[in-house]
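Here are some notes for a first look at this structure. Please keep the view open while reading them.

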Amino acid sequence: MSEPTHADKEKKKTIPSSLSGRRALPPNISNAEEDEVPAMEMTALVPRGVNLKDFLEVKEVHMFKGDQDVNKQEHHTDKYYHPKLIVRRGQPFLIQIDFNRPYNPEKDQFWVEYLIGRYPQQNKGTYIPIPLVEELQSGTWGAKITWKEDSSIRLSIMSAPTCIVGKFRLYVAVLTPYGILRTKRNPETDTYILFNPWCPEDSVFLDDEKEREEYVLNDLGVVFHGDINNIKSRSWNYGQFEEGILDACLHLMDRAKLDLSGRGNPVKISRVGSAVINAKDDEGVVAGSWDNIYAYGVAPSAWTGSVDILLEYHSSGTPVRYGQCWVFAGVFNTFLRCIGIPGRIVTNYSSAHDNDANLQLDVFVDEDGKVDPKLTKDSIWNYHCWNEAWMTRPDLPIGFGGWQVVDSTPQENSDGMYRCGPASVQAIKHGHVCFQFDAPFVFAEVNSDIVYSKAVKDGTRVIEHIDKTHIGKLILTKEIGSDGTKDITEQYKFQEGTEEERLALETALMYGIKKQTTQDTMEQAGTDVDMDFQVENAILGSDFKVTVTFRNNSHNHYTATAYLSGNIVFYTGVTKNEFKSHTFDVTLEPLASKISEVLIKSGEYMSQLLEQASLHFFVTARLNETKKILAKQKTSVLQIPKLHIKVPGEKVVGKEMSVIVEFTNPLNQKLVNVLVRLDGPGLLRTTSKMFREIPKNSTLTWEEKCFPRQAGVRKLIASLNCDALRHVYGELDLEVERKPLV
């Protein structure tokens, strides 16, 4: 591990002898920077003839920092690919000190010190003298001698469950009649202290072992995308234990200029994390792009995990291009799990992006039933990914701890920066949106109504229909212990139409959520005719049908003029252009249904398709007899072909393994400048290869060699990207055997 260069550039300064006094100092915002600590702190003149080496002297400090040593095993940090000691706060760990002679408690006095950053102060928690005690007590720092032999002793050191999270420097101090003698600065004894979900006194304590294994220790995850009628999934390599990632994550708090004294608080850390993960206003980790143009960067859909992104940012200090919501969420999840905060990615289908958070998304149609794009400003994202982080909320009333929404996708400004959260999921469900941070925005994302209004030529607007169930209809996360879906919708909202749901809305309104008071009173009476439509599941590049069904519930005859608009849309719901415009007439007999089919040809959409193969359909119909407007909208995501991964031969730790990636071009055109990416935590470092051309109907084959590092069930992940085809993924689970004992 290399020390930060900018720390070396500054002239190191010796800290004053009083390490614990209160004094005016610059802000302590860097874990990487450090001050020199005096090796000798004399309080009296040393008389002639007195040799300080006659006093107790530290020869060596052993940290028991190997993967198989007791510390990393008991602290669940043995997976970190890191040479230093990594422990979790609020839990004892072991060190051994070798002296120049046997330790005599009658006349010798020593203690261990931990320091972090510059200007260490005891009252700030950045200078920690650890006293020797008879018995360790939970909740406070202490060191107990557990073993003595010859000139060596072993200490069990207990850290406070509220201490700063970061990289500490260790010193051993010996008291003499003439002052303090300290060990010299030794990077080999540096200790990383992380949050501890296993410790009941830690603010991130999680009491279920399976949940801890999933939300802290699992370095692989699943991102759900697509749309509510066609849920898709892709694996994501969080890689929180990979080489260099822990230091990269601690560097983010330095970049965010979070004072070291605040780095024991998960509320503060997750809030600054939601800002620094995006580059919108602070040159953070990932630069977002939603315009389908990714020159001089990597397309968001090409990333297979967080490792390359975090390492590149740590080394370059400039934002990594490019990301969209699942990339921000994936990188944020790596950050949370790496420092010990339980985290997970959540996908909200049909997510409202309502700029003024008034619980209303307005869709305007003209008198002919066609959508008016000039008046229709709000957008509905097919899906939106954010994170949840688990923590107590001592800043809120009892009952609002647990999962907190944190969102690093730059959508809206919060207190002067693009960030969101932490917002209590429990508070959102019950409408308590007065509690910090950003609860009204999240409440609107899952609770807005879609209001269809007719814009009349005289300037008036008449509400034709209100859809109260489309937004936030399904909220998913990964199932514990599998790659399946876990429906958590009811953690965010009560069932539509229940008394509890109405009460939650009234509570939100009481606490300041805006809602149009006219929207229910202006809605026209129910119609005699219902309309709905279905989009046929289709493979990218094929023709398919849209089936529109009308149901006349009355004894009257009706005729209707219907209009179907097919649009190429970004997954954020923003329209790129219209590729299909079709008008048709329908005659409706009393108490009967009528079905109309509209054919969508591949040639109509293929040349304009965006990367997520997302098509959005509006169907509107005007009943000629009553002038009543019927309106429905749906998104369809085309089926995208997959990559195939094969691993022939044996799969053993430390032995060469062959990985083969295959892809057959299904399109009626050649693909050019095709980038294929391969990732596999514990198996290989992320690698990629550019293929200049793949002719139509031909197959690409790429073989890569690697040496697996970890045994057990592992996963290979691959992605393929080019201008004509994105979001092409493949994955393979495989069992890696341990190297046989000779």
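How many bridges pair S7 with strand S8 (residues 152-158), and in which sense?

1. This is a predicted model. In it, S7 and S8 are joined by 7 bridges, and the sense is antiparallel. One pair to look up is glutamate 149, whose bridge partner in S8 is serine 152.

2. Now place that pair in its sheet. The sheet is open and has 4 strands. Their order is S2-S4-S8-S7, with antiparallel pairing. Strand S2 (58-62) and strand S7 (142-149) are the edges. Each has a single partner strand, so one side of each lacks a neighbour in the sheet. On average, neighbouring strands here are turned by 25° against each other, direction ignored.

3. Next, strand S19 (residues 402-406). Is S19 mostly covered or mostly exposed? Mostly covered: 5 of its 5 residues are buried. Buried here means under 20% relative accessible area.

4. Which strands pair with S19? Strand S18 (residues 379-391) is one of them, running antiparallel to S19 with 5 bridges. Within this pairing, asparagine 387 stands opposite valine 406 of S19.

5. Strand S22 (residues 423-424) also pairs with S19. This pairing is antiparallel too, over 2 bridges. Glutamine 404 has serine 424 in S22 as its bridge partner.

6. A general point for viewing strands: in a regular strand, side chains alternate between the two faces of the sheet.

Note on methods. Residues are numbered from 1 along each chain as its sequence is written. This is a predicted model: local features need pLDDT of at least 70, side-chain atom pairs count only at pLDDT 80 or more; totals for chains, interfaces and linings use all residues. Side-chain values use heavy atoms; hydrogens and water are left out. Two strands pair if DSSP finds at least two bridges between them. Axes are lines fitted to C-alpha atoms, for helices over the stretch in contact, and angles run from 0 to 180 degrees between N-to-C directions. Buried means under 20% relative accessible area, exposed over 50%, partly exposed in between (1.4 Å probe, protein chains only).
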